[in-house]
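Biologist: Could you walk me through this one? I have not looked at it before, and I would like to start with how the strands are put together.

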Amino acid sequence: MKRLSIIATILISAASMALSQQPVRIPPMVLTTTAFADGAVIPLKYTQVAGDKAVSPDLTWTNVPAGTQSFVLWMHDVDLSLMKTTEDNLHWMVWNIPGQITTLPENVPQGAQLPDGSHQISYFGAGYRGPGAPASGPLHHYVFEIFALDIKIDEKAAATVPETRANIFKLMQGHVLGKAAYVGLFHRPQ
């Protein structure tokens with residue numbers, strides 16, 4: 001009887017250890033907007049068709065990993081190659097977004113530095129530049145990506161947009177805690 005008790009104790013202990021070593025499932029980050037559905041066509045008010053009245057869409061991200069110090073957001077046209085390189089068209093990059101912020105409102109103001117300490121650029125200046133793919137081709141995929149980092153990147157923009165993007169991504173290496181993406185489609189009306 002004592003032997004059965006010892007075997008039962010060993011089996012229960014082994015089962016407890018196996019269960020306690022199961023990885024904790026952390027839900028992935030999620031990026032959303034109320035402006036358009038993921039994978040849908042981007043409304044004209046967020047595009048170059050709206051001209052100077054184009055605004056950035058509202059963005060919200062959830063399931064932020066513990067230890068997040070800042071965020072980097074970038075929006076790019078993945079269907080375009082610039083100057084025969086792997087560089088695509090950067091429509092917006094915002095970095096050093098404080099770690100406690102989980103939303104950007106619609107119509108983020110233009111300017112190299114925002115009041116919360118974050119910085120922004122695009123190929124067309126210091127702020128959001130909406131999609132502008134030509135009507136003559138297929139719908140382009142505009143990808144919004146948000147990265148949660150365990151550091152702050154309070155880095156000023158470099159002399160060129162490709163250099164700035166390369167610098168920011170280099171500083172991000174080894175510090176990404178989580179990531180999410182959201183896709184919008186667009187080409188100019190016929």
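Modeller: Before the strands themselves, one term is needed: two strands count as paired if DSSP finds at least two bridges between them. Please also keep in mind that this is a predicted model.

Biologist: OK, so how do β3 and β6 pair, and over how many bridges?

Modeller: Strand β3 and strand β6, the latter covering residues 103-104, pair in the antiparallel sense over 2 bridges. Thr 60 has Thr 103 of β6 as its bridge partner, while Leu 59 is partnered by Leu 104 of β6.

Biologist: And which strand does β1 join?

Modeller: Strand β1, residues 30-32, is joined to β3 by 3 bridges, and the two run antiparallel. Within that pair, Val 30 stands opposite Thr 62 of β3.

Biologist: What order do the strands take in that sheet?

Modeller: The order is β1-β3-β6, which makes an open sheet of 3 strands with antiparallel pairing. Because β1 and β6 each have a single partner strand, they stand at the edges, and one side of each is left without a neighbour in the sheet.

Biologist: Back to β3 for a second, which residues are on its covered face?

Modeller: In β3, which spans residues 59-62, Leu 59 and Trp 61 make up the covered face, whereas Thr 60 and Thr 62 make up the uncovered one. In general, side chains in a regular strand alternate between the two faces of the sheet.

Biologist: There is another sheet too, right? How many strands does the one with mixed pairing have?

Modeller: That open sheet has 6 strands, in the order β2-β9-β8-β4-β5-β7, and its pairing is mixed. Here β2 (40-41) and β7 (119-121) each have a single partner strand, so they stand at the edges with one side of each lacking a neighbour in the sheet.

Biologist: How many bridges join β4 to β8?

Modeller: There are 8 bridges between strand β4, residues 70-77, and strand β8, residues 140-149, and these strands run antiparallel. One of the residues involved is Trp 74, whose bridge partner in β8 is Glu 145.

Biologist: Where does helix α2 lie?

Modeller: Helix α2, residues 161-172, lies across β4, β5, β7, β8 and β9, and runs at about 45° to β5.

Biologist: Changing topic, what lines the largest pocket?

Modeller: The largest pocket, with a volume of about 210 Å³, is lined by 14 residues, and those nearest its centre are Gly 51, Asp 52, Gln 110, Tyr 128 and Arg 129. By class, its lining consists of 8 polar, 4 nonpolar and 2 charged residues.

Note on methods
Residues numbered from 1 in each chain as written. Predicted model: local features only at pLDDT ≥ 70, side-chain atom pairs only at ≥ 80, totals over all residues. Heavy atoms only, no water. Buried < 20%, exposed > 50% of the residue type's maximum accessible area, 1.4 Å probe, protein only. Helix = DSSP H or I, 4+ residues; strand = E, 2+ residues; numbered from the N terminus. 1 Å grid on protein atoms, 1.4 Å probe; cavity = no way out; pocket = protein on both sides within 12 Å on 5 of 7 lines; lining within 4 Å. Points joined across faces, edges and corners; volume = space filled by probe spheres on them. Nonpolar A, V, L, I, M, F, W, Y, C, P; charged D, E, K, R; others polar. Contact = heavy atoms within 4.5 Å. Axes fitted to C-alpha atoms, helices over the stretch in contact; angles between N-to-C directions.
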